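Reader: Before I plan anything at the bench, could you walk me through this one with me asking as we go?
Author: Gladly; here it is.

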Amino acid sequence: MANRYWVVSLPVQKSASTLWNSLQDQISKHSFDTPLYRFNIPNLRVGTLDSLLALSDDLFKSNTFIEGVSQKIRRQIEELERVSGLESNALTVDGVPIDSYLTRFVWDEAKYPTMSPLREIVDGIHTLVAKIEDDLKVRVAEYNNVRSQLNAINRKQSGSLAVRDLSNMVKPEDIITSEHLVTLLAVVPKYSQKDWLSSYETLTTYVVPRSSKKLYEDNEYALYTVTLFGRVADNFRTSARERGFQIRDFEYSPEAQESRKQELEKLVQDQDSLRSSLLQWCYTSYGELLDAFLCCTYLCREHSKIWSAAVFPGLRFVPVYKG
């Protein structure tokens with residue numbers, strides 16, 4: 001279960017140190033096992049009251065925006081870990097566990113200079129999060145595209161004989177191709193196999209007697225060959241369709257089979273590579289979002305007097321109003 005943290009802002013009457021010591025004493029009297037952590041919030045350029053009021057809505061929207069993007073990435077992480085068969089890892093920020101990062105939070109002066117106006121800091125946070133969201137869309141789309149191609153191939157290999165790829169079921173000796181003769185592949189419903197065997201020779205003229213051989217059978221259909229003169233192949237297809245038999249277009253080609261095999265192997269490798277890359281990117285981006293979220297939260301709490309409850313996956317902040 002995730003730990004719950006209260007982010008509390010209190011008015012300073014004498015000094016910050018005196019207030020901190022008093023808070024520790026009061027907490028220990030009522031809940032001796034509750035740890036306290038003091039955040040060192042930098043002095044920022046608050047600006048005028050008008051500028052703070054103008055920033056109020058943007059701060060609230062930024063908090064909500066960061067929360068939404070973080071939830072998207074968290075769900076993506078959970079899905080990728082599930083598909084990869086990985087145990088859910090404890091998320092970190094620059095290699096530091098979230099709990100440790102939160103309780104030892106230090107404002108990143110290089111990323112968000114304290115001498116910059118609040119408007120610039122908030123805009124910088126929003127720009128960073130927006131870029132993360134855009135990158136997420138691009139990376140997920142690329143990964144899903146490869147996964148869709150693989151799913152389409154797998155459906156062809158695992159579906160019924162009416163739709164699946166037949167190349168792995170047909171051997172060179174099953175196919176006769178000459179100047180006059182061709183071999184067709186017929187998909188026959190299982191309950192119609194007797195009908196097929198008794199009728200295929202008469203579906204059209206010039207069918208080679210006793211040329212039909214069963215190659216494969218699944219839960220619904222059986223796959224048969226039939227050899228006949230090429231010039232009557234179209235007539236045979238029409239007559240077979242009228243009797244409920246499906247003639248599948250097929251051309252045996254070792255080169256095509258090898259090409260499909262290599263394509264499948266490449267797609268599997270691409271999917272694994274993209275999944276691993278996306279997962280690592282999500283881990284890193286989640287940490288960046290937490291950093292941005294904390295900065296934005298502290299801006300709301302300390303300098304703009306804007307109090308808004310915000311839930312970050314794994315953490316909960318409960319605002320305590322200044323009295």
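Author: To begin with a definition, helices (H or I, at least four residues) and strands (E, at least two) are DSSP runs, numbered from the N terminus. This is a predicted model, in which local features need pLDDT of at least 70 and side-chain atom pairs count only at pLDDT 80 or more, while totals for chains, interfaces and linings use all residues. Residues are numbered from 1 along each chain as its sequence is written, and side-chain values use heavy atoms, with hydrogens and water left out.

Reader: OK, how many helices and strands are there in the chain?
Author: The chain has seven helices and eight strands.

Reader: And where do D123 and R119 lie?
Author: Both D123 and R119 belong to helix α4, where they sit four residues apart, about one turn of the helix. Their side chains meet in a salt bridge at 3.7 Å, N to O, a salt bridge being a side-chain nitrogen of Lys or Arg within 4 Å of a carboxyl oxygen of Asp or Glu.

Reader: Are those two buried or exposed?
Author: Neither label fits, since buried means under 20% relative accessible area and exposed over 50%, with partly exposed in between (1.4 Å probe, protein chains only). D123 is partly exposed at 37%, and R119 is partly exposed at 33%.

Reader: How many salt bridges does the structure hold?
Author: It holds 14 salt bridges. One of them joins K111 to D291, with the closest N and O atoms 3.5 Å apart. K111 lies in the loop between α3 (98–103) and α4 (118–158), whereas D291 is in helix α7 (residues 254–303), so this pair ties together parts that are 180 residues apart in sequence.

Reader: What is the accessibility of each partner there?
Author: K111 counts as partly exposed, at 36% relative accessibility, while D291 counts as buried, at 6%.

Reader: What about D249 and R237?
Author: The side chains of D249 and R237 meet in a salt bridge as well, at 4.0 Å, N to O. Because D249 lies in the loop between β6 (246–248) and α7 and R237 lies in helix α6 (residues 233–242), the pair ties together parts that are 12 residues apart in sequence. D249 is exposed, with a relative accessible area of 65%, and R237 is partly exposed, at 26%.

Reader: Which residues are linked in a network of salt bridges?
Author: K190, K214 and E217 are linked in such a network.

Reader: Switching topic: how many disulfides does the count come to?
Author: The count comes to zero, a disulfide being a pair of cysteine sulfur atoms within 2.5 Å,. As for individual cysteines, C282 is buried at 0% relative accessibility, and C295 is likewise buried at 0%.

Reader: Last topic, the chain as a whole: what share of the residues is buried, and how much area is exposed?
Author: Buried residues make up 39% of the 323 residues in the chain. The chain exposes about 19000 Å², of which carbon and sulfur atoms supply 50%; accessible areas come from the Shrake-Rupley method with a 1.4 Å probe, and for residues only the protein chains shown count as cover.

Reader: And what about contacts between residues at least 6 apart in sequence?
Author: With contact meaning heavy atoms within 4.5 Å, 75% of those contacts in the chain join residues at least 24 apart.
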